[in-house]
Amino acid sequence: MELKIYRCRICGETYLGYEAPENCPFCGAHKEFLQAPELYDRSIDSVAITEVERADLEASIELERSNTRFYLGMAQRRDNDTLRSTYKRLAKIEMEHCELFCRLAGVSLPEDLSEPGETTGSWATDIEESLRRENRASALYATFAERATNERLKEVWAAVSAVEADHITLDELAKQYL
Ligand SMILES: [Fe+2]
Ligand SMILES: [Fe+2]
């Protein structure tokens, strides 16, 4: 087996490994988006956007900002290391989504993106809150993908919608570690 370079078509990050993983370790995009690096063109994210797409990108940035901060808040709790580590990883994935949406919108990152936010106060209620957030994100991005006219934006919103649907499964799994 030989070490290979894979480039994620959704977030643009590079994965080094023997085989493509099932999901991009950075943004969670599914395996089909992990490609040979020569197929990736950074200019893919320089898109001309409509007013509706701009508003939807702004809503996406705000959603990812809020979810990143919520998960960073969860990851500050010290009484369950499995859950702390899991939600720290989730915060990093949502941060990657936020960076991607900012790049597509041509705006800078929210200043408070890496500051832990308020949580509901316990693992059990935070996981319920996370389920609410992930359901909302997955549905919203499916709507944005549907109404976008730009092909790249359609692709990104559909891919990230699928990632947020995976996070619903992750929350259900996390309950086993309470
Ligand atoms: Fe990715
Ligand atoms: Fe998510």
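**View 1. The largest nonpolar core of the predicted model.** A nonpolar core is a set of buried Ala, Val, Leu, Ile, Met, Phe, Trp, Tyr and Cys residues joined through side-chain atoms within 4.5 Å. In this structure, which is a predicted model, the largest such core has 43 residues, and those with the most contacts inside it are Cys-8, Ile-10, Tyr-87, Phe-101, Leu-104, Tyr-141 and Trp-157. At least two residues of this core come from each of strand 1 (4-8), helix 1 (51-74), helix 2 (81-105), helix 3 (123-147) and helix 4 (151-174), and helix 2 gives the most, with 11 residues. The core also draws on both domain 1 (4-40) and domain 2 (45-177), with at least three residues from each.

**View 2. The surroundings of Cys-8.** Cys-8 is one of the residues with the most contacts inside the largest nonpolar core. When its neighbours within four places in sequence are left aside, Cys-8 is in contact with Glu-13, Cys-24, Cys-27, Ala-29, Phe-33, Leu-34 and Tyr-40.

**View 3. The ring pair of Tyr-6 and Tyr-15.** A pair of aromatic rings is described by the distance of the centres and the angle of the planes. The structure holds eight aromatic pairs, and in the one formed by Tyr-6 and Tyr-15 the ring centres are 6.3 Å apart while the planes stand at 35°, so this pair is tilted. Tyr-6 has a relative accessible area of 12% and is therefore buried, whereas Tyr-15, at 23% relative accessibility, counts as partly exposed.

**View 4. An aromatic cluster and two arginines.** Phe-70, Tyr-71, Tyr-87 and Trp-123 are linked into a cluster by ring pairs. Two members of this cluster also have an arginine over the ring: Arg-77 lies over the face of Trp-123, at 4.7 Å from the ring centre, and the charged end of Arg-133 sits over the ring of Phe-70, 4.3 Å from its centre.

**View 5. The site of the iron ion (ligand 2).** The iron ion is coordinated, at 1.9 to 2.6 Å, by OE atoms of Glu-94, Glu-134 and Glu-164 and by ND1 of His-167, with Glu-134 listed twice among the donors. Along the sequence, the donor residues follow the spacing E-x39-E-x29-E-x2-H. Because Glu-134 lies in helix 3 and His-167 in helix 4, this pair ties together parts that are 33 residues apart in sequence. Both of these residues are buried, Glu-134 with a relative accessible area of 0% and His-167 with one of 6%.

Terms used:
Residues are numbered from 1 along each chain as its sequence is written. Chains are lettered from A and ligands numbered from 1 in the order in which they are written. This is a predicted model: local features need pLDDT of at least 70, side-chain atom pairs count only at pLDDT 80 or more; totals for chains, interfaces and linings use all residues. Side-chain values use heavy atoms; hydrogens and water are left out. Buried means under 20% relative accessible area, exposed over 50%, partly exposed in between (1.4 Å probe, protein chains only). Helices (H or I, at least four residues) and strands (E, at least two) are DSSP runs, numbered from the N terminus. Domain bounds come from an automatic or database domain assignment. Contact means heavy atoms within 4.5 Å. Rings of Phe, Tyr and Trp (its six-membered ring) pair if their centres lie within 6.5 Å; planes under 30 degrees apart count as stacked, over 60 as edge-to-face and the rest as tilted. A charge sits over a ring if NZ of Lys or CZ of Arg is within 6 Å of the ring centre and within 35 degrees of the ring normal. Donors are N, O and S atoms within 2.8 Å of the metal (3.2 Å for Na, K and Ca); water is not among the atoms, so sites may look incomplete.
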